[in-house]
Amino acid sequence: MREAAFIQQNRPRWEAFEKVVSQPKTAKPDQLAELFIQITDDLSFSRTQYPNSRTTNYLNALASKIHLEIYKNKKEEKSRFITFWKSELPLVLYEARKSMLYALIIFLLAIVIGALSAAYDDSFARLILGDGYVNMTLENIKNGNPTSVYSDTGSEIAMFVGIAWNNIRVSFMIFAYGVFFSLGTGLHLFYNGVMVGSFVTFFYRQHELAQAFPVIMLHGTIELSSIVIAGAAGFTMGNSLIFPGTYSRLDSFKAGALRGLKIIMGLVPFFILAAFIEGVITRYAFMHWSLKALIISLSAILMVYYFVIYPYKLRNGKLQIN
């Protein structure tokens with residue numbers, strides 16, 4: 001069946017579903033359960049026939065609403081909080097997978113540009129990182145600890161709180177600038193990537209990269225990947241303005257902004273975790289290499305599994321959510 005015919009055949013029923021879901025207090029639990037069965041049948045058909053279409057996304061969102069209403073009326077054995085992390089956020093992440101890919105490409109490209117610029121221009125690192133930071137790091141290198149900035153800044157708790165606040169603030173900025181048709185998000189991602197490239201090359205030119213890089217990546221593995229995902233949140237919102245599809249631009253923007261906001265909210269604990277590592281663990285720059293490798297590996301596994309593999313498995317029915 002062609003997608004247009006599928007929509008035309010079922011549109012009245014879906015509109016009736018939306019009306020029921022918009023007034024959940026008047027719906028009986030049995031009625032909601034019946035609606036859920038019908039909409040999941042349509043969703044299953046749409047996933048098979050039109051896997052990447054807006055129709056599938058629409059039905060998925062409608063099924064999620066009905067599912068949530070059923071659980072609200074059910075005397076929950078699990079909270080909304082758990083549902084968010086187990087299914088709602090991962091499904092939003094799956095829908096945003098292309099935005100994540102674009103954000104990653106921009107970020108990596110900016111890192112390369114920043115690295116090459118710093119490699120061929122002695123003044124570039126000072127231009128991007130600032131004279132104060134560069135001079136301080138040169139002094140740290142002279143004293144034998146190129147990354148002592150992570151241990152000399154203050155107490156663990158003060159550093160942890162300050163870094164967490166800054167990381168969350170930056171991620172919300174990257175997301176919010178998506179309102180400028182994704183351009184603001186792209187520029188912020190690019191700037192952050194250039195900073196990272198300059199930063200790494202600066203240590204390379206000082207012959208300290210082997211010591212500094214693993215120390216930086218203790219917290220950087222989670223922090224940098226979270227920045228990329230924040231970029232995906234901004235693109236999700238911005239692209240909803242550029243490509244509204246069959247929706248009005250306002251409705252498309254509302255839906256895109258909500259999806260992006262869910263992604264950003266989902267990043268908050270990861271930024272807090274990265275700040276904890278940076279404030280408490282990174283200061284031990286001369287810990288055994290195996291411990292550094294363990295922390296970096298676990299961080300990478302956590303980010304790749306929760307933000308890429310788990311959403312893919314959940315969306316394609318390879319995981320069962322109880």
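The following exchange concerns aromatic pairs and a surface patch in a predicted model.

Biologist: Why is the pair of tryptophan 14 and tyrosine 58 called tilted?

Modeller: The ring centres of tryptophan 14 and tyrosine 58 are 5.9 Å apart, which is within the 6.5 Å required of a pair, and because their planes stand at 50 degrees, neither under 30 nor over 60, the pair is tilted. The two rings also link distant parts of the chain, since tryptophan 14 belongs to helix α1 and tyrosine 58 to helix α3, 44 residues apart, and both residues are buried.

Biologist: What makes the pair of tyrosine 306 and tyrosine 310 stacked or tilted?

Modeller: With centres 6.0 Å apart and planes at 10 degrees, tyrosine 306 and tyrosine 310 fall under the 30 degrees that stacking requires, so the pair is stacked. Being four residues apart in helix α13, they are separated by about one helical turn.

Biologist: How do you know whether tyrosine 306 and tyrosine 310 are buried or exposed?

Modeller: Tyrosine 306 has a relative accessible area of 13% and tyrosine 310 one of 11%; because buried means under 20%, tyrosine 306 is buried, and tyrosine 310 is buried as well. Ring pairs link both into a cluster whose members include Phe81, Trp85 and Phe270.

Biologist: Why does leucine 294 count as partly exposed?

Modeller: Leucine 294, placed in helix α13, has a relative accessibility of 46%, and because this value lies between the 20% limit for buried and the 50% limit for exposed, leucine 294 counts as partly exposed. Leu294 also helps to make a nonpolar surface patch of about 700 Å², together with residues including Leu291, Leu298 and Ile301.

Key:
Residues are numbered from 1 along each chain as its sequence is written. This is a predicted model: local features need pLDDT of at least 70, side-chain atom pairs count only at pLDDT 80 or more; totals for chains, interfaces and linings use all residues. Side-chain values use heavy atoms; hydrogens and water are left out. Patches are made of residues with over 30% relative accessible area and no salt bridge: like charges are joined within 9 Å, nonpolar side chains (Val, Leu, Ile, Met, Phe, Trp, Tyr) within 5 Å. Accessible areas come from the Shrake-Rupley method with a 1.4 Å probe; for residues, only the protein chains shown count as cover. A salt bridge is a side-chain nitrogen of Lys or Arg within 4 Å of a carboxyl oxygen of Asp or Glu. Helices (H or I, at least four residues) and strands (E, at least two) are DSSP runs, numbered from the N terminus. Buried means under 20% relative accessible area, exposed over 50%, partly exposed in between (1.4 Å probe, protein chains only).
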